[in-house]
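Colleague: I would like to go through this model with you and ask, for each label, what stands behind it.

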Amino acid sequence: MFCQECGKKPATLHFTKIINGEKTEFHICESCAREKGEGIPGAPNSFSIHSLLSGLLDFEQLGGSGIAGMKEPALRCEECGLTYTQFSKIGRFGCSSCYQAFEAKLDPLLKRVHSSTVHSGKIPKRSGGQIQCKREIEQLRRNLQEKIDQEEFESAAQLRDRIRELERKIADL
């Protein structure tokens, strides 16, 4: 495929832009991309997912919850030595222990980005029946405990029966 701009060189960059719900695809060569001002992966001014994450982290720091004039102690991962400030600049963790080291700062960030801090994942259609039943049983058990605490024993009995029904269903699968 040749460049849509010059028509001479092979297209090495393929963009899909979605603006106001309108999807546009571009197939251009590197030199035409520079002329148009498009970001080239790996170039100094290019956009990456790391810069997006860095931007979100900087946003959090601007709206920080510290007391004016007081500096918070620098968060640091004990395993690799990465500081939270370094993480916010590069957008990557140094090791798996960074998740625990920066947990207090990550939860609000993840909640803002994903609307939740709990990952539920997708369930495969073929083998998902048992997983869905187990999740429903967990939820019903929490509800059952609430009903018992509130001394709503009739509702609790209905929940208990539903849990037993689902447990039998899982045994049959």
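Colleague: Why is Glu151 called exposed?

Modeller: Exposed means a relative accessible area over 50%, buried means under 20%, and partly exposed lies in between, all with a 1.4 Å probe and protein chains only. Glu151 has a relative accessible area of 60%, and therefore counts as exposed. Glu151 is found in the loop between helix H6 (128-149) and H7, where helices (H or I, at least four residues) and strands (E, at least two) are DSSP runs, numbered from the N terminus. This is a predicted model, in which local features need pLDDT of at least 70 and side-chain atom pairs count only at pLDDT 80 or more, while totals for chains, interfaces and linings use all residues. Residues are numbered from 1 along each chain as its sequence is written, and side-chain values use heavy atoms, with hydrogens and water left out.

Colleague: What makes the phi of Glu151 worth a remark?

Modeller: Most residues other than glycine have a negative phi. Glu151 is not a glycine, yet its phi is positive, at about 60°.

Colleague: How do you know that the span of helix H7 agrees with what it should be?

Modeller: The expected span of a helix is 1.5 Å times one less than its number of residues. For the 20 residues of H7 (residues 153-172) this gives 28 Å, and because the end C-alpha atoms are 29 Å apart, the two values agree.

Colleague: Which residues of H7 are buried, and why are they said to line one face of the helix?

Modeller: The buried residues of H7 are Ala156, Leu159, Ile163, Leu166 and Ile170. Seen down the axis of H7, they fall within an arc of 85°, so they line one face; the arc is that of the directions from the helix axis to the C-beta atoms. An α-helix has 3.6 residues a turn, so residues three or four places apart point the same way. The face of H7 turned away from the buried side carries exposed residues, among them Glu154, Gln158 and Ala171.

Colleague: Why is Ala171 called exposed?

Modeller: The relative accessible area of Ala171 is 65%, so Ala171 is exposed. Ala171 and Gln130 are 41 residues apart in sequence, and their C-alpha atoms are 9.2 Å apart in space.

Colleague: Why is Thr83 called buried, and what is Thr83 in contact with?

Modeller: Thr83 has a relative accessible area of 10%, and is therefore buried. Thr83 is found in the loop between helix H2 (49-62) and helix H3 (84-90). Contact means heavy atoms within 4.5 Å, and, leaving aside neighbours within four places in sequence, Thr83 is in contact with Leu75, Arg76 and Phe102.

Colleague: Why is Thr24 called partly exposed?

Modeller: With a relative accessible area of 30%, Thr24 lies between the two cut-offs, so the label is partly exposed. Thr24 is found in strand S2 (residues 22-28) and, again leaving aside neighbours within four places in sequence, is in contact with Phe15, Thr16 and Lys17.

Colleague: How do you know that strand S1 and S2 pair?

Modeller: Two strands pair if DSSP finds at least two bridges between them. Strand S1 (residues 13-19) and S2 have 7 bridges, in the antiparallel sense, and the bridge partner of Thr16 in S2 is Glu25. In the hairpin of S1 and S2, which has 2 residues between the strands, Asn20 takes a positive phi near 50°.
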